[in-house]
Amino acid sequence: MAFKSKAVSSISNSSGSPTTVSDTVSASTTHVIVGLTVANKSAANITATVTFTKSGGSAIHLVKDAPIAVGGTLVLIGGDQKIVAEEGDLLKAYASAATAGDVILSYLIGD
């Protein structure tokens, strides 16, 4: 297994066009998501929404409109919480204000 991370700066503020924060999962591979954090980099409180979509399925909320204080973070995945992503699965995020949130994602690649 290989460790990887992905940082996404300035996530969308649109529920109709959220920012994709996960990498594409290749065929016959899995990603074990071990960390997902959303940071508020603005001068005002924001809310954040993060969804997980199974390949060909509907988006489900990991969190919806969760408040993040000025300078604060929201840790959605870490510690005992993990998610296994398979081919075609996606994580997406958006915040209540444009360019107000950053996301960091950490995962393991397995076969």
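Strands here are DSSP runs of E at least two residues long, helices are runs of H or I of at least four residues, and both are numbered from the N terminus. The model on screen is predicted: local features need pLDDT of at least 70, side-chain atom pairs count only at pLDDT 80 or more, and totals for chains, interfaces and linings use all residues. Residues are numbered from 1 along each chain as its sequence is written, and side-chain values use heavy atoms, with hydrogens and water left out.

**Whole chain**

Start with the protein chain in cartoon view. Along the sequence the pattern is β-β-β-β-β-β-β-β-β. The radius of gyration, taken over C-alpha atoms, is 13 Å, close to the 13 Å that the globule rule gives for 111 residues, so the chain is as compact as a globular protein of that length. That rule is 2.2 Å times the number of residues to the power 0.38. Along the principal axes, the C-alpha atoms fill a box of roughly 45 × 25 × 20 Å.

**Strand β3 and its partners**

Select residues 30-40, which form strand β3. Two strands count as paired if DSSP finds at least two bridges between them. Add residues 101-110, strand β9: β3 and β9 pair in the antiparallel sense over 10 bridges. Now pick V32, whose bridge partner in β9 is L108. In strand β7, the bridge partner of V32 is V84. β7 covers residues 83-85 and runs antiparallel to β3, with three bridges joining them.

Move along β3 to V38, which stands opposite L74 in β6. Strand β6 (residues 73-77) and β3 pair in the antiparallel sense over four bridges.

**The open sheet**

Next, look at the open sheet of four strands, whose order is β2-β8-β4-β5, with antiparallel pairing. Select 19-20 for β2 and 59-68 for β5; these are the edge strands, and each pairs on one side only. Then add residues 46-53, strand β4, which pairs with β5 in the antiparallel sense over seven bridges. Within this pair, T51 has H61 in β5 as its bridge partner.

**Packing and charges**

Return to the whole chain and colour by burial. Buried residues (under 20% relative accessible area, 1.4 Å probe, protein chains only) make up 39% of the 111 residues. Turn to contacts, meaning heavy atoms within 4.5 Å: among those between residues at least 6 apart in sequence, 78% join residues at least 24 apart.

Finally, select Lys and Arg, counted as positive, and Asp and Glu, counted as negative; His and the chain ends are not counted. Each charge is placed at NZ of Lys, CZ of Arg, CG of Asp or CD of Glu. The mean positions of the 7 positive and 8 negative charges are 6 Å apart.

Terms used:
Buried means under 20% relative accessible area, exposed over 50%, partly exposed in between (1.4 Å probe, protein chains only).
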